[in-house]
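Hi,

Here is the structure I promised to pass on. Have a look at it first, and then read my notes below.

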Amino acid sequence: MKLIESISQIRVYTLLLNVDFIPIINQIEWSEPIEFLFHIVISICIAFVFILFANQLTLQKSLSKLWLLSLIFCLPTLGLYFVLSLLAVQEVPAWNDWQAFTFWTIAHLIYAWVLALLYLKTQKREALACASASLFFIVQTNFI
């Protein structure tokens with residue numbers, strides 16, 4: 001998303017990291033790495049809950065079912081685009097900026113796809129390693 005923002009000048013990365021609408025937290029001017037850390041913590045939580053559900057539903061060997069489950073977990077992020085756009089104090093894409101929404105959607109669908117793939121790959125070793133692999137992927141893609 002940072003790469004998309006730097007190329008297109010559409011502030012989707014700014015929207016992704018924005019916390020200026022959250023009471024108490026908004027009283028501090030956070031640096032980009034700290035705002036990114038907030039996003040990573042949320043991503044790790046999603047990955048752990050995904051792992052718990054995938055294990056509970058015994059989906060470990062079905063890539064299509066893992067993709068469906070990860071998509072279900074990531075679908076709320078699509079709706080968050082509109083909420084975050086409306087709540088933001090700083091300049092971010094408008095709620096009806098369909099190009100920004102498309103970038104947002106593609107990035108989150110890639111996350112869902114990678115989450116399922118990494119889970120499947122890590123099943124041969126240890127299920128909880130998926131969260132670490134997801135974190136590594138996200139850090140690599142956001143600091144290109």
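Before anything else, one cut-off: a residue counts as exposed when its relative accessible area is over 50%, as buried when that area is under 20%, and as partly exposed in between. Also, please keep in mind that this is a predicted model.

With that cut-off, Pro 33 is an easy case. Pro 33 sits in helix α3, and its relative accessibility is 52%, so it counts as exposed. Its C-alpha atom lies 9.4 Å from that of Leu 17, with the two positions 16 residues apart in sequence numbering.

Now the overall picture. The chain has six helices and zero strands, so to speak a plain α-α-α-α-α-α run from the N terminus on. Of its 144 residues, 37% are buried. If you take the contacts between residues at least 6 apart in sequence, 61% of them join residues at least 24 apart.The helix α3 has the most notes, starting with its length. Which span should the 25 residues of α3 have at 1.5 Å a residue, and does the model agree or disagree? The expected span is 36 Å, and the end C-alpha atoms of α3 are 36 Å apart, which agrees. Along this helix, the buried residues are Glu 35, Phe 36, Ile 40, Ser 43, Ala 47, Phe 50, Ile 51 and Ala 54. After α3 comes Thr 58, with a positive phi near 50°.

Next, the helix pairs.

α3 with α5: the axes of α3 (residues 32–56) and α5 (residues 98–122) come within 11 Å and cross at roughly 50°. Angles under 35 degrees count as roughly parallel and those from 65 to 115 as roughly perpendicular, with the rest oblique unless over 145, and α3 and α5 are therefore oblique to each other. Their crossing is right-handed. On the α3 side, the contact is made by Ser 43, Ile 46, Ala 47, Phe 50, Ile 51, Ala 54 and Asn 55, and on the α5 side by Tyr 111, Leu 115, Ala 116 and Tyr 119. Sorted by type, the residues of this contact are nine nonpolar, two polar and no charged.

α3 with α4: here the axes are 10 Å apart and the packing angle is about 140°. What does that make the pair? α3 and α4 are oblique to each other, and they too have a right-handed crossing. From α3, the contact takes in Ile 46, Val 49, Phe 50, Phe 53 and Ala 54; from α4, it takes in Leu 66, Leu 69, Ser 70 and Phe 73. Eight of the residues in the contact of α3 with α4 are nonpolar, one is polar and none is charged.

α4 with α5: helix α4 (residues 63–87) packs against α5 at an angle of about 150°, with the axes 8 Å apart. Angles over 145 degrees count as roughly antiparallel, and α4 and α5 are therefore roughly antiparallel to each other. α4 passes α5 in a right-handed crossing. The contact of α4 with α5 has 22 nonpolar residues, four polar and no charged.

One residue of α5 is worth a look on your screen: Ile 110, which is found in that helix. Is Ile 110 buried, exposed or partly exposed? Its relative accessible area is 40%, so Ile 110 is partly exposed. The C-alpha atoms of Ile 110 and Leu 71 are separated by 9.7 Å, and the two residues are 39 residues apart along the chain.

Lastly, two loop residues with backbone angles you may want to check. Gln 9, in the loop between α1 (2–8) and α2 (12–17), has a phi near 65°, a positive value in a residue other than glycine. With a relative accessible area of 61%, Gln 9 is exposed. Ile 24 belongs to the loop between α2 and α3, and has a positive phi of about 70° although it is not a glycine. Buried or exposed, which is Ile 24? At a relative accessible area of 65%, Ile 24 is exposed.

Cheers

Technical notes: Residues numbered from 1 in each chain as written. Predicted model: local features only at pLDDT ≥ 70, side-chain atom pairs only at ≥ 80, totals over all residues. Heavy atoms only, no water. Axes fitted to C-alpha atoms, helices over the stretch in contact; angles between N-to-C directions. Helix = DSSP H or I, 4+ residues; strand = E, 2+ residues; numbered from the N terminus. Left-handed = near helix turned anticlockwise from the far one by under 90°. Contact = heavy atoms within 4.5 Å. Nonpolar A, V, L, I, M, F, W, Y, C, P; charged D, E, K, R; others polar. Expected span 1.5 Å × (residues − 1). Buried < 20%, exposed > 50% of the residue type's maximum accessible area, 1.4 Å probe, protein only.
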